[in-house]
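Subject: A structure for you to look at

Hi,

Here's the structure I promised to pass on. Have a look at it first, then read my notes underneath.

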Amino acid sequence: MYRLEGAMRRYSWGSTTLVHQLLGRPVDGRPIAEVWLGAHPDGPAVANGGGRKTPLDELVAAQPQAMLGPRVLASTGPRLPFLPKILAAAHALSIQVHPTTAQAVAGFAAEDERGVPRTDPARTYRDRSAKPEIVYALTPFELLSGLREPEQAAKLVAELEVPALNPLVVLLREQRADAHRGALTWLLGQRGSAAPWVEAVAATARDAVGARPELAVVHDLAQQFPGDPGLLAPLLLNHERLEPGQALYTAPGTLHAYLRGMAIEVMAASDNVLRAGLTTKHVDVTELLSITDFTPRLTGFLRPARGVPGIVDYVAPAANLGLRVVTPRAGETLPGPEEGPRIAVCVEGEVEIEVAAGEAQRLLPGEAVFVPHIDGALAVSGNGTAVVARA
């Protein structure tokens with residue numbers, strides 16, 4: 001078992017308080033957006049064990065059978081296939097979508113064939129992997145996820161009473177199965193030339209901010225991303241709020257954007273992000289339209305699987321991701337996942353992680369350990385909550 005030092009990311013959208021408070025650090029006015037607790041080569045956590053510190057990706061690569069176990073090694077190769085993060089957003093992230101594995105493999109090969117450098121900011125596919133995600137809320141967590149029914153979206157846009165948006169309302173009401181494809185195509189075509197109607201929408205949202213929760217989000221986005229037509233996203237996508245302890249799954253092809261709050265995110269270890277709005281980064285319109293699932297559907301809340309009191313499992317459908325939330329009280333001991341690579345992070349109170357090999361580590365909020373397959377079953381005791389990510 002290895003204690004982890006996470007790789008910190010101070011992106012501008014990060015919170016200046018939430019992660020600091022979780023970790024017991026001084027609030028210094030600087031944002032902490034993410035703490036990476038995996039083996040991603042762009043920011044591996046440092047594994048501390050046996051008196052040595054080793055980047056986790058190097059540790060896994062040196063002993064893949066022992067670290068991953070035969071099942072994970074056979075399915076994903078000699079790398080840790082998931083990346084847990086502590087994520088804390090004070091401002092909205094970009095509207096984005098992720099590919100399936102087949103789309104990522106094909107897109108990666110096509111860009112290589114065209115000679116697009118892998119470090120080029122305009123490159124779309126950074127690797128050959130899908131990027132499904134699970135988000136487990138630690139605080140109230142606000143987000144956009146999945147597309148509304150077209151008629152509902154059309155009604156919300158029409159209520160703005162901005163004449164320049166009439167073509168968008170018509171597309172949503174008359175295109176039937178292709179309604180959202182047509183709407184997103186129209187919206188992407190407004191990038192760089194939408195300022196007059198964007199300002200009109202921003203003014204309407206400002207004046208009616210208390211009328212609908214969606215308009216409050218539009219108002220916030222107008223302030224964060226002036227001139228960006230993506231401020232209409234809360235009217236086209238489902239606007240949701242996770243309460244602490246709720247979890248959500250984002251499948252490949254799902255348009256989504258995180259707005260604010262702190263969560264544990266467990267995602268496939270991939271960099272494949274295609275952006276649609278609320279960003280100054282590259283937007284590949286053709287590829288975005290080709291991989292997006294335009295089927296209207298409800299947000300993918302995960303139903304908790306409860307067995308032993310104090311244990312809740314969340315497993316993503318059709319994805320190699322899962323997490324177990326373990327909450328021992330008054331010193332009781334509860335079982336964690338028994339095999340494979342596991343990363344446990346304390347999110348509340350104080351817990352002790354013990355493995356079959358006999359080693360134990362005490363964790364306070366924000367502290368984490370990597371438990372390799374070779375260490376056998378793990379158990380959680382103490383008086384707190386640990387989130388254990390696994391493949």
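Before we start, one term: two residues are in contact when they have heavy atoms within 4.5 Å of each other. Also keep in mind that this is a predicted model.

Let's begin with Leu-231. If you skip its neighbours within four places in sequence, Leu-231 is in contact with Trp-197, Val-198, Val-201, Ala-202, Val-218, Leu-221, Ala-222 and Leu-278. Leu-231 also belongs to the largest nonpolar core, which has 53 residues. Along with Leu-165, Trp-197, Val-201 and Leu-232, it is one of those that touch the most other members of that core. There is a second, separate core too, made of 45 residues, with Val-19, Val-35, Tyr-249 and Met-262 among them. As background, nonpolar side chains tend to be buried together in soluble globular proteins.

Now for two pairs of helices. Helix 9 (residues 195-207) and helix 10 (residues 213-224) have axes that come within 8 Å and cross at roughly 130°. How do these two lie relative to each other? Angles over 145 degrees count as roughly antiparallel and 65 to 115 as roughly perpendicular, with 130° in neither range, so helix 9 and helix 10 are oblique to each other. Their crossing is left-handed. On the helix 9 side, the contact uses Val-201, Ala-202, Ala-205 and Arg-206, while helix 10 brings Leu-215, Val-218, His-219 and Ala-222. Sorted by class, that gives 6 nonpolar residues, 1 polar and 1 charged.

The other pair is helix 6 (residues 150-158) and helix 7 (residues 166-174). Their axes also come within 8 Å, but cross at roughly 160°, so helix 6 is roughly antiparallel to helix 7. This crossing is left-handed as well. Helix 6 makes the contact through Pro-150, Glu-151, Ala-153, Ala-154, Lys-155, Val-157 and Ala-158, and helix 7 through Leu-168, Val-169, Leu-172 and Arg-173. Here the split is 8 nonpolar, no polar and 3 charged residues.

Last stop: Phe-82, in strand 6 (residues 82-89). Is Phe-82 buried or exposed? The cut-off for buried is under 20% relative accessible area, and Phe-82 has 1%, so it counts as buried. Outside its neighbours within four places in sequence, its contacts include Val-266, Met-267, Leu-321, Ile-343 and Ala-391. You can also find His-40, which sits 42 residues away along the chain, with 8.6 Å between its C-alpha atom and that of Phe-82.

Have fun clicking around!

Key. Residues numbered from 1 in each chain as written. Predicted model: local features only at pLDDT ≥ 70, side-chain atom pairs only at ≥ 80, totals over all residues. Heavy atoms only, no water. Core = buried A, V, L, I, M, F, W, Y, C linked by side-chain atoms within 4.5 Å. Buried < 20%, exposed > 50% of the residue type's maximum accessible area, 1.4 Å probe, protein only. Axes fitted to C-alpha atoms, helices over the stretch in contact; angles between N-to-C directions. Helix = DSSP H or I, 4+ residues; strand = E, 2+ residues; numbered from the N terminus. Parallel < 35°, antiparallel > 145°, perpendicular 65-115°, else oblique. Left-handed = near helix turned anticlockwise from the far one by under 90°. Nonpolar A, V, L, I, M, F, W, Y, C, P; charged D, E, K, R; others polar.
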